[in-house]
Structures are given as structure tokens and as C-alpha cells.
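User: Could we go through the ligand site together? I would like to start with the contacts and then turn to the pockets.
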Amino acid sequence: MSAEIIDGKAISAIERQRVTDETAAFTQETGVIPHLAAVLVGDDPASQVYVRNKERACERCGLKSTLHRLPSETSQSELESLVAQLNNASDVHGILVQLPLPSHLDETPVLDAILPAKDVDGFHPENVGLMLQGRPRFLPCTPHGVMKMLEHHGVETSGKHAVVIGRSDIVGKPMGALLIQKGADATVTICHSRTIDIAQVTRQADILIAAVGRPEFVTGDMIRPGAVVIDVGINRVDDRLVGDVDFQAASKVASAITPVPGGVGPMTIAMLLRNTLTAAQHSVS
Ligand code: NAP
């Protein structure tokens with residue numbers, strides 16, 4: 001079998017165009033330009049690339065973006081006071097704190113300090129709770145992007161067995177939560193580092209989602225023939241970007257697969273733009 005490619009670049013272009021059109025209509029009607037404020041602490045090269053890509057995507061879609069760069073030695077209270085300032089800025093609709101933060105800073109209180117109405121990453125406990133209850137304010141960008149890819153590619157989730165590898169708060173857990181919502185209706189298994197005989201579990205998946213953070217962790221023999229494979233992983237190996245799935249081997253077994261790069265990554269950005277527009281719409285309603 002040679003898997004079809006689920007093209008994240010092409011699907012995200014469609015989603016971004018939707019955001020562009022809706023933003024133009026919204027701005028024309030209200031005079032408000034949706035505005036994302038990004039906060040970058042330190043000089044981690046990967047984070048700088050991610051933030052730049054998010055800024056560029058905002059500009060192309062008619063959203064405003066502002067980058068707040070803080071030095072690596074920024075203190076917890078300095079960072080939290082910037083968040084407070086952005087919470088109070090009436091022209092800022094979305095706040096994004098680029099992760100990971102330098103190791104001396106504690107992520108949780110910073111993310112908790114973001115006003116839930118401006119939490120366009122969807123990480124605030126209030127937004128996580130709303131999402132779990134099936135009445136989301138913002139869906140977390142990466143899992144939402146995966147759901148959109150499945151939808152665009154015509155992948156049926158209802159009644160299917162979806163296996164997610166990874167249980168992080170930003171990918172694995174919300175991914176499972178979206179797949180079990182009414183409407184998506186998958187049966188979900190979540191694996192993690194304590195899962196015993198993981199290959200035996202992944203081989204049962206109709207839809208296999210890898211969010212492990214380990215290059216080419218999922219090998220061809222871990223995939224059920226005909227499964228749909230979504231690779232969330234972004235790993236830097238030498239100068240290459242590699243997913244969590246062994247793409248060459250997996251594409252011989254799967255029916256459809258996302259590449260890295262050009263898979264889930266662009267979808268995450270498109271969903272961030274969507275959330276920023278939603279935040280701006282809520283701010284005037
Ligand atoms: P994370 O917080 O490090 O979580 C990794 C998860 O994988 C954990 O739950 C961990 O289990 C599990 N795991 C690690 N080793 C394992 C093993 N040997 N067997 C089974 N499970 C194992 O990472 P993350 O933030 O979820 O990100 C995952 C990957 O997605 C990374 O490569 C990241 O760069 C990428 N990512 C991509 C996007 C995008 O836009 N495409 C967005 C976010 C993240 P334990 O909980 O037991 O430790």
C-alpha cells in the first residue's frame with residue numbers, strides 16, 4: 001500500500017483563506033482589527049522561528065500581531081506583569097506566550113494569568129473545562145488542526161478506534177477529548193511512557209496520532225494496514241525536521257499519512273488565527 005498524503009499546507013491554506021475573508025468582513029463591519037500579542041522569552045532558535053511564522057501568518061490574513069521580546073533572564077514577576085498589561089490592553093484580543101519558557105520560569109502561573117477571553121492557545125483551565133464539556137470558547141490549536149485535517153480529508157471518526165500516543169496538556173489529552181466529543185464519536189485509547197506493549201495497542205488503531213516528541217518512534221510494524229496516521233511530532237535531527245513516525249515505513253502500511261514538515265504544523269497556525277478572530281468577535285458582541 002502507498003499512503004495518500006494528507007497535505008497540511010494545502011488544507012491550512014483553505015482554512016487561512018476562510019479566516020482572511022471573515023476577518024475582512026468583521027473589520028469592515030466593526031472597524032476592529034483582530035490583534036494577537038505574542039510573548040517570546042529568551043532566544044531559543046526554534047521558538048523564534050515559530051513566533052515569526054505566526055506573525056507572518058497574521059499579517060497575511062489581515063490580523064495585527066505584536067511581538068513582545070523579553071531577555072532570557074526575565075523574572076517570573078516581570079513576565080506576569082507583561083501578561084497583566086496585555087490583559088488590560090483593550091486593543092489586544094489574543095495573547096500567546098511561546099513555550100517552552102526558560103527553565104527558571106514556571107509556565108503554569110503564567111498561562112493561568114492570561115485572561116480566559118484572550119487565551120487563544122486554549123490552555124487556561126477555564127477553557128480546558130469548557131472544551132471538555134463540549135461548549136468550547138477556544139479549541140486548542142494543534143488538536144483542533146488535526147480534527148480539521150481529518151475532516152478535510154474525509155476521514156470518518158465516528159465509531160473508529162483512535163489511538164493517541166502522548167498525554168501532554170497541549171496535545172495528547174485535548175486530542176483525546178476532541179475525538180470523544182459527540183459528533184466526532186471515536187473510541188479513544190491514550191498511550192504514554194508507562195503503557196505496556198505499546199505496539200500491540202497502536203496496531204488496533206484505525207486512526208493513529210503520534211505526539212511523543214521522539215524522532216521516528218512509530219515504526220511500520222506498529223501500524224495496522226490501512227490506518228490513518230497523523231504525525232504531530234516535530235523533532236530536529238541534525239539539520240532536518242523529523243516527525244514521531246517513520247514516514248517511509250509507515251507510508252507503505254497506512255492508507256493516509258501526514259508529512260513532517262507540511263503536516264500538522266501549518267494547521268496549528270491556521271487554528272491560532274481562527275481563535276484570534278473568534279476572540280475579537282467575542283470582544284464586540
Ligand atoms: P510532551 O509534553 O513531551 O509529551 C510527550 C508525551 O509522549 C508524554 O505524554 C510522554 O509520556 C509520551 N512519551 C514519551 N516517550 C514515550 C514512549 N517511549 N512511549 C510512549 N509514550 C511516550 O510533548 P508534546 O508537547 O505533547 O509534543 C509532542 C510532539 O509534538 C513534540 O515533537 C512537539 O514538538 C510536537 N508538537 C507539534 C506541534 C505542531 O504544531 N505540529 C504542536 C505541539 C507539539 P509521559 O506523560 O508518560 O511522560
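**Ligand contacts and pockets**

Analyst: To begin with one polar contact, a ligand oxygen atom lies 3.1 Å from a polar backbone atom of I234. Please note that this is a predicted model.

User: How much of the ligand's accessible area does the protein cover?
Analyst: On its own the ligand has 930 Å² of accessible area, and the protein covers 72% of that.

User: What about S168, what is the distance there?
Analyst: An N or O atom in the S168 side chain is 2.5 Å from an oxygen atom of the ligand.

User: And H192? Which part of that residue is involved?
Analyst: A polar backbone atom of H192 is involved, at 3.5 Å from a nitrogen atom of the ligand.

User: Which residues come nearest to the ligand?
Analyst: There are 23 residues around the ligand, and those that come nearest are R167, S168, S193, R214 and T268.

User: Which helix gives the most to that shell?
Analyst: Helix α10, spanning residues 264-284, gives the most, contributing three residues.

User: How does the shell divide by residue type?
Analyst: The shell around the ligand has 10 nonpolar residues, 10 polar residues and three charged residues.

User: Changing topic: how much space lies in the second largest pocket?
Analyst: The second largest pocket holds about 210 Å³ of space.

User: Which residues lie nearest its centre?
Analyst: I165, G166, H192, S193 and V212 lie nearest the centre of the second largest pocket, which is lined by 13 residues. This lining divides into six nonpolar, five polar and two charged residues.

Key: Residues are numbered from 1 along each chain as its sequence is written. This is a predicted model: local features need pLDDT of at least 70, side-chain atom pairs count only at pLDDT 80 or more; totals for chains, interfaces and linings use all residues. Side-chain values use heavy atoms; hydrogens and water are left out. A residue is near a molecule or strand if one of its heavy atoms lies within 4 Å of it. A polar contact is a pair of N or O atoms within 3.5 Å; within protein, one must be able to donate a hydrogen and the other to accept it, and residues adjacent in sequence count only if both atoms are side-chain atoms. Accessible areas come from the Shrake-Rupley method with a 1.4 Å probe; for residues, only the protein chains shown count as cover. Helices (H or I, at least four residues) and strands (E, at least two) are DSSP runs, numbered from the N terminus. Ala, Val, Leu, Ile, Met, Phe, Trp, Tyr, Cys and Pro count as nonpolar, Asp, Glu, Lys and Arg as charged, and the others, Gly among them, as polar. On a 1 Å grid over the protein atoms alone, a cavity is a set of points where a 1.4 Å probe fits but cannot get out, and a pocket is an open set with protein on both sides within 12 Å along at least five of seven lines; lining residues have an atom within 4 Å of a point. Grid points are joined across faces, edges and corners, and a volume is the space filled by probe spheres set on the points.
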